[in-house]
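Subject: Handing over a structure

Hello,

I am passing a structure on to you, with the sequence and the 3D view just below. Have a look at it first, and then read on for what was found.

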Amino acid sequence: MTAAPRIDVITLFPEFIESSLEVGVVGRAVKRGLLSVQSWQLRDFAHDNYKTIDHRPYGGGPGMVMLIDPLRECLQMVRQADPRPAHVVYLSPQGQPLTQAKVRELAHRPRLVLLCGRYEGIDERLLQAEVDEEVSIGDYVLSGGELAAAVLVDAVGRLQDGALNDPQSAVQDSFENGVLDCPHYTRPERHELGDVPALLASGDHRKIARWRRQQSLGRTWLRRPDVLARCDLSADDRQLLAEFIAEWRAQDGGPGAVR
Ligand code: 4HQ
């Protein structure tokens with residue numbers, strides 16, 4: 001049996017990471033031993049009685065910058081805690097976007113170390129020397145890297161073998177197919193707010209699969225043309241999408257349509 005993948009998180013707020021692991025699919029995966037997550041209090045590696053981990057930036061300007069040495073010594077301890085080589089990730093808006101493709105890539109790593117920055121971030125020299133990859137969860141500014149790290153742990157954790165009750169659900173998600181997810185319905189079939197599309201209750205599984213694929217493609221066309229542009233659609237997909245677009249134009253999207 002091979003050891004479960006391990007994620008170490010270096011942070012000023014370990015409680016934040018730990019609390020997010022008490023619930024849900026990923027919390028259960030950790031309890032089942034499918035994934036191990038350790039958080040480390042950076043302040044424990046400060047050199048002085050004030051527990052200093054940051055200082056004013058050279059060149060002036062607002063805010064504080066995280067010091068090299070507490071981070072370096074913490075990383076050394078973290079690396080020593082497990083013999084497997086660690087892939088070190090720094091969460092920041094300057095990083096590569098966290099896409100589902102990136103999540104899959106990171107999910108295959110036996111060992112990740114996540115660095116959470118606060119204030120203006122971390123001294124560039126530490127990043128140059130120790131970080132393998134900088135990753136961003138989106139084009140907005142957080143007050144610290146902890147939420148971004150929790151997002152990454154969640155997305156990576158749910159892909160570990162055995163984490164999801166039905167492994168099929170990971171395959172059907174948004175982006176796993178390169179397109180957005182289709183709409184979902186459950187009981188009751190008829191409701192004041194509308195009826196479930198008849199086809200879904202028909203039991204014709206081939207038709208249902210085609211309808212879902214068409215909805216996925218159509219919604220991606222409507223909502224995320226940027227995602228669709230990067231898709232390599234089959235002839236079948238292009239046919240389904242053309243049908244969706246024709247129907248959409250006829251119903252709500254016709255020239256001069258009033259909505
Ligand atoms: N921050 N994706 C600034 C982010 C962020 C993001 C984390 C704020 C790092 C220094 N991290 N600190 N967006 O906004 O990952």
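How much area does the chain expose, and what share of it do carbon and sulfur atoms supply? The exposed area is about 15700 Å², and carbon and sulfur atoms supply 51% of it (accessible areas come from the Shrake-Rupley method with a 1.4 Å probe, and for residues only the protein chains shown count as cover).

Before the details, a word on the basis of what follows. This is a predicted model, in which local features need pLDDT of at least 70 and side-chain atom pairs count only at pLDDT 80 or more, while totals for chains, interfaces and linings use all residues. Residues are numbered from 1 along each chain as its sequence is written, and side-chain values use heavy atoms, with hydrogens and water left out.

**The whole chain**

The chain holds 10 helices and nine strands (DSSP runs numbered from the N terminus, with helices being H or I of at least four residues and strands E of at least two). Its radius of gyration is 23 Å, well over the 18 Å that the globule rule gives for 259 residues, so the chain is more spread out than a compact globule. That radius is taken over C-alpha atoms, and the globule rule is 2.2 Å times the number of residues to the power 0.38. Along the principal axes, the C-alpha atoms fill a box of roughly 70 × 50 × 40 Å.

The domain assignment gives domain 1 (6–157) and domain 2 (172–257); such bounds come from an automatic or database domain assignment. Between the C-alpha centres of domain 1 and domain 2 there are 38 Å.

Of the 259 residues, 40% are buried (buried means under 20% relative accessible area, exposed over 50%, and partly exposed in between, with a 1.4 Å probe and protein chains only). Among contacts with a separation of 6 or more, 74% are between residues 24 or more positions apart; a contact means heavy atoms within 4.5 Å.

**Strand 5 and its partners**

Strand 5 (residues 87–97) is a good place to start looking. It runs parallel to strand 6 (residues 111–115), and four bridges join them. One pair to find is Val89 with its bridge partner Leu114 in strand 6. From strand 5 the chain crosses through helix 4 (residues 100–107) to strand 6, and this β-α-β crossover is right-handed: with the strands pointing away from the viewer, the path from the first strand over the helix to the second runs clockwise.

Strand 5 also pairs with strand 7 (residues 133–136), again in the parallel sense, over five bridges (two strands pair if DSSP finds at least two bridges between them). Here Tyr90 stands opposite Glu134 in strand 7.

**Three buried residues**

Ala149 sits in helix 6 (residues 146–157) and is buried, at 0% relative accessible area. Leaving aside neighbours within four places in sequence, Ala149 touches Val9, Ile17, Leu91, Leu114 and Cys116. Leu114 is also the bridge partner of Val89.

Met66, in strand 4 (residues 65–66), is buried too, with a relative accessible area of 1%. Beyond neighbours within four places, its contacts include Leu42, Ile53, Leu71, Cys116 and Tyr119. Met66 and Ala149 are 83 residues apart along the chain, and their C-alpha atoms are separated by 17 Å.

Gln215 belongs to helix 8 (residues 205–223). Its relative accessible area is 17%, so Gln215 counts as buried. With neighbours within four places left aside, Gln215 is in contact with Cys182, Pro183 and Phe244.

**Backbone details in the loops**

Which peptide bond is cis, with omega near 0 degrees? The bond from Arg187 to Pro188 is, and Pro188 lies in the loop between helix 7 (168–172) and strand 8 (190–191).

Two residues other than glycine have a positive phi: Lys51, near 60 degrees, and Tyr119, at about 60 degrees. Lys51 is in the loop between strand 2 (36–41) and strand 3 (54–55) and is partly exposed, at 39% relative accessibility. Tyr119 is in the loop between strand 6 and helix 5 (124–130), and with a relative accessible area of 41% Tyr119 is partly exposed. You have met Tyr119 already, among the contacts of Met66.

Enjoy exploring it!

Best wishes
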